Amino acid sequence: MTILPLSSWLPFSTPPLLIAGPCSAESREQVLQTAQALKKETSVSIFRAGIWKPRTQLGSFEGVGEEGLAWLKEVKEQTGLLVTTEVATAKHVELCLKHGIDILWLGARTTPNPFAVQEIAEALRGVDIPVMVKNPISPDLMIWRGALERLSKVGIRKLMAVHRGFSAPESKELRNLPQWKIPIQLKNDFPNLPMICDPSHICGKREHLWHISQMALDINFDGLMIEVHPHPDQALSDPRQQITVEVYKKMMEGLLLKREDTLPPPAKKVLVKFRHEIDAIDESLVELLSKRMKISEQISALKAEHNISLFQLGRFQELMRERAKRGKELGLTEDFVAEIFNTIHEQSILRQSETSPEKKD
Ligand code: PEP
Ligand code: MN
């Protein structure tokens, strides 16, 4: 994929790229008031507002539609901010192009639908416009990549990815859980791809916005997209996660936007020493894992000889309980230990099944 770096097509924007605006465009007044305040009070360079809203619940506000595109055009003319909105069909694309929308985005419910993405891509063939692709609702890197690749294939080179967290119905704290390793992997695959974080849809409530934003900046995200509304509690969509321009401004002032790229030499020396220690520990971890798997193979042979099943629930439960307990004593979180030992145990069972003498017969 050819992806142009952000600096080549948005030269005026010093990182991080700041995108803000209401979840939905609700009225001309609400849109213009928010945009003017953002322009005056903040260093936002892109104004967002949903025109067609993909809502989970029937009967929720589904956006003002085409009428709102004219308001975004006014935002451009009055403030000079670039404007962006979500598109989910070829018709949306056509209308956005007609009204001079600067940047389009694909939402989390569109990204995983190859028919919709292809339809949007076809409508964009030969058009030089930046497109942001939000991660799909499920934590699947290949689906996210697939949507980006479909757009790349029709010639879109100003691509960006937006991490808005993954569906987590059981989560009480956050609406959509971030899984930082997935955007990090995507960045690893496409180093030029600008990575934006959308803390509003990750959090679902205002309380955690600062924390998630700082976290994203700390892992070198290229920008933030945050929902801002003049009267958040009265917003027609996502009222709990939107903030006023005033609160946005305060929050941005509290963020450490850019860390230094290089360390002073004495600190660098210490860092190198720590990294050597980590390397040595990782080397031991890999050796220990290999040793553990070899024992699994021996267990497999023994189980086959005595005709007992590979997986034993009682043993699994005991192992998970004991490792969690020990991990806790040593300052590791239960979730972390559980994730690691679930993976190790699963691999061990797979290895046993592959090496089982019965299978070889
Ligand atoms: C939005 O940004 O308004 C939106 C609907 O987001 P998502 O697609 O991430 O749910
Ligand atoms: Mn929203």
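Helix α10 (residues 245-253) turns V245, Y248, M251 and M252 inward as its buried residues; buried here stands for under 20% relative accessible area, exposed for over 50%, and partly exposed for the range in between, with a 1.4 Å probe and protein chains only. Viewed down the axis of α10, these buried residues fall within an arc of 120°, so they line one face of the helix, the arc being that of the directions from the helix axis to the C-beta atoms. The other side of α10 carries E246, K250 and E253, which are exposed. Cover for the buried residues of α10 comes from elements including β1, α2, α9 (209-218) and β10, where contact means heavy atoms within 4.5 Å. Helices (H or I, at least four residues) and strands (E, at least two) are DSSP runs, numbered from the N terminus.

All of this is read from a predicted model, in which local features need pLDDT of at least 70 and side-chain atom pairs count only at pLDDT 80 or more, while totals for chains, interfaces and linings use all residues. Residues are numbered from 1 along each chain as its sequence is written, chains are lettered from A and ligands numbered from 1 in the order in which they are written, and side-chain values use heavy atoms, with hydrogens and water left out.

Taken as a whole, the protein has 14 helices and 10 strands, and its C-alpha atoms fill a box of roughly 75 × 55 × 40 Å along the principal axes. Of its 361 residues, 45% are buried. Among contacts with a separation of 6 or more, 72% are between residues 24 or more positions apart. The exposed area comes to about 19600 Å², and carbon and sulfur atoms supply 55% of it; accessible areas come from the Shrake-Rupley method with a 1.4 Å probe, and for residues only the protein chains shown count as cover.

The metal site comes next. The manganese ion (ligand 2) has as its protein donors C23 (SG), H201 (NE2), E227 (OE) and D238 (OD), at 2.0 to 2.4 Å. Donors are N, O and S atoms within 2.8 Å of the metal (3.2 Å for Na, K and Ca), and sites may look incomplete because water is not among the atoms. Along the sequence, the donor residues follow the spacing C-x177-H-x25-E-x10-D. Distant parts of the chain are linked in this way: C23 sits in the loop between β1 (17-21) and α2 (28-41), and D238 in the loop between β10 (223-227) and α10, 215 residues apart. Both C23 and D238 are buried.

D238 also takes part in a salt bridge with R175, at 3.2 Å from N to O; the term covers a side-chain nitrogen of Lys or Arg within 4 Å of a carboxyl oxygen of Asp or Glu. R175 lies in the loop between β7 (166-167) and β8 (176-177) and D238 in the loop between β10 and α10, so the pair ties together parts that are 63 residues apart in sequence. D238 counts as buried at 13% relative accessibility, whereas R175 is partly exposed at 33%.

By this rule the protein has 21 salt bridges. In one of them, E339 pairs with K181, the closest N and O atoms being 3.5 Å apart. Helix α13 holds E339 and helix α7 (residues 181-189) holds K181, so this pair joins parts that are 158 residues apart in sequence. E339 is partly exposed at 48% relative accessibility, and K181 is exposed at 52%. K40, E41 and K249 are linked in a network of salt bridges.

Helix α13 (residues 334-355) is also the place of F336, a partly exposed residue with a relative accessible area of 44%. Together with L330, L332 and I340, F336 makes a nonpolar surface patch of about 360 Å². Patches are made of residues with over 30% relative accessible area and no salt bridge, like charges being joined within 9 Å and nonpolar side chains (Val, Leu, Ile, Met, Phe, Trp, Tyr) within 5 Å.

Finally, S200 lies in helix α8 (residues 199-203) and is buried, with a relative accessible area of 0%. Leaving aside residues up to four places away in sequence, S200 touches L209, M225, I226, E227 and Q241; of these, E227 is one of the manganese donors.
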